[in-house]
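Let us walk through this model together, one region at a time. Have the sequence and the coordinates open, and follow along as we go.

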Amino acid sequence: MALFPRPASAQETPYFVTYSHRLEEPGNLELEFSSTYAAQRGGNDFVAPWLEIEYGATGWWTTEIYIDSQHTLGDGALFTGWRWENRFRPLMREHWINPVLYVEYEDVNGADKTMIEVVGFDGEADHAVRNAVASREHLHEIEAKLILSSDFKGWNISENFIAEKNLAHAPWEFGYAVAASRPLRLAATARPCNFCRENIVAGVEMYGGLGTTDSATLSGTSHYLAPMVAWQMPRGVTLRVSPGWGLTHPSHRFLLRWGVTYEISGFGGKVRKLFR
Amino acid sequence: MTRHAIPLLLLLASAAFAAAGVGGQKSNGDDRGVLRAIAEAPVATREWVNPYEGQADAVAAGKKLYLRHCAECHGRDARGSGRAVNLRSPGVQNAAPGELVWFLRSGNLWRGMPSWSGMPVERRWQIVTYLKTLR
């Protein structure tokens, strides 16, 4: 238990796809288990769980590992790859609009269905391929995002511009995500409470593809609208749930995402003590 | 194999650097950087009026928020620990409430103080109301 001394409670946004400018507090470790369920036309519905391990390296740098998997009904379950992302805040102070630079390396296979971002012409048809066939394709990709985010009168408003490239001679793919959220109550109450409005954050996000360098168009791209709610429970646990609906024909008709987050305070300091 | 080894090596290097990064923070014996950052608050913040001043409920709410969000670094008694400053020190206690609210929003990322802009300003005022009772 020496490694897990104090659960923490951080500033969470409820988003699943969109990033805000809030980074992990320095030295804190956040573990998150999330999942996407999708209704699939022309194939079987699937659930795609992923594990996130996020660490606040400094006040301006957060690094994170993702481990992806999926289970397609009637087609089995498999590990689909991993991602390593880094987010940097170039400005050390808070501004009206706060930029964050995001860089990610992905080593996943073609059966990955987590849909953590939607870019290019990603669509429902990509997920109708059987696992045995799709998993033969290995994708080594880099992804960059420009994250712009603002906090104003209790609201968070975030915009992400996404560029992703398969390193195997594929064009750049583009996407976007925008979101807004707000706690249901701004001021805290004097008494401790668990299931109360001050601990619940509600929001909505919209995300989708913007084509590629070869074909920068909205035609044939997927777009989703997803309200969500997060409940910040005691002892550093946050629950999130978000139903989402596809807005265009290539989109899945329905998505359901959920996740649980556990934040551990002072993790980095405890690890360092082990090596002294 | 090589194509997997390069990212893995980068990953290991990053993890080591990340673990070392936090260790590079100064101890709470050196508050000057943070105190200087508070002093850089816009002059107008000194005139901001605390909407919760003197309200017992706000003090209680501020204490609840402090224990939830701040005590993990600054200690339950607010005397600071490791890299976090002593919030009972004159530099903090003599700052205007508005300067502290501004600093909570802005943070000092370079020195490890997160920005708490994601916390509604009402809650930041409640925390400052509580901190001012520690004088």
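A good place to begin is helix α5 of chain B, residues 97-106: eight of its 10 residues are buried, so the helix is largely enclosed by the rest of the structure. Here a residue is buried if 20 or more other C-beta atoms lie within 10 Å of its own, exposed if 12 or fewer, and partly exposed in between, with C-beta atoms placed from the backbone. Helices (H or I, at least four residues) and strands (E, at least two) are DSSP runs, numbered from the N terminus. The buried set in α5(B) consists of P97(B), E99(B), L100(B), V101(B), W102(B), F103(B), L104(B) and S106(B). Just after the helix comes G107(B), with a positive phi near 70°.

A word on what you are looking at: this is a predicted model, in which local features need pLDDT of at least 70 and side-chain atom pairs count only at pLDDT 80 or more, while totals for chains, interfaces and linings use all residues. Residues are numbered from 1 along each chain as its sequence is written, and chains are lettered from A and ligands numbered from 1 in the order in which they are written.

How confident is the predictor? The complex receives an ipTM of 0.86 and a pTM of 0.89. For chain B the mean pLDDT (the predictor's confidence in each residue, from 0 to 100) is 82, and 76% of the residues reach 70 or more. Among the elements of this chain, α6(B) has the highest mean, 97, and α1(B) the lowest, 55. Residues 22-29 of chain B fall below 50, yet this stretch has 18 contacts in the model beyond near neighbours in sequence. Two residues are in contact if their C-beta atoms, placed from the backbone, lie within 7 Å.

Now turn to where the chains meet. Chain A brings 38 residues to the contact and chain B brings 35. On the chain B side, α1 (2-23), α3 (56-74), α5 and α6 (121-131) each supply at least two residues, and α1(B) gives the most, with nine.

Moving into chain A, we can follow some strands. β4(A) (residues 61-72) and β5(A) (residues 76-88) pair in the antiparallel sense over 12 bridges; two strands pair if DSSP finds at least two bridges between them. Across this pairing, I67(A) stands opposite W82(A). The two strands form a hairpin with three residues between them, and G74(A) in the turn has a positive phi of about 75°. β5(A) also pairs with β6(A) (residues 98-109), antiparallel over eight bridges, where G81(A) has V108(A) as its bridge partner.

Further along, β11(A) (residues 223-232) and β12(A) (residues 237-246) are antiparallel partners over six bridges, with Y224(A) bridged to G246(A). They too form a hairpin, here with four residues between the strands and a positive phi of about 65° at R235(A) in the turn. Nine bridges then join β12(A) to the antiparallel β13(A) (residues 254-265), and S242(A) stands opposite R257(A).

Finally, where do positive phi values turn up outside glycine? H169(A), with phi near 55°, is in the loop between β8 and β9 of chain A and counts as exposed because it has 6 C-beta neighbours inside 10 Å. A78(B), with phi of about 65°, is in the loop between α3 and α4 of chain B and counts as buried because it has 20 such neighbours.
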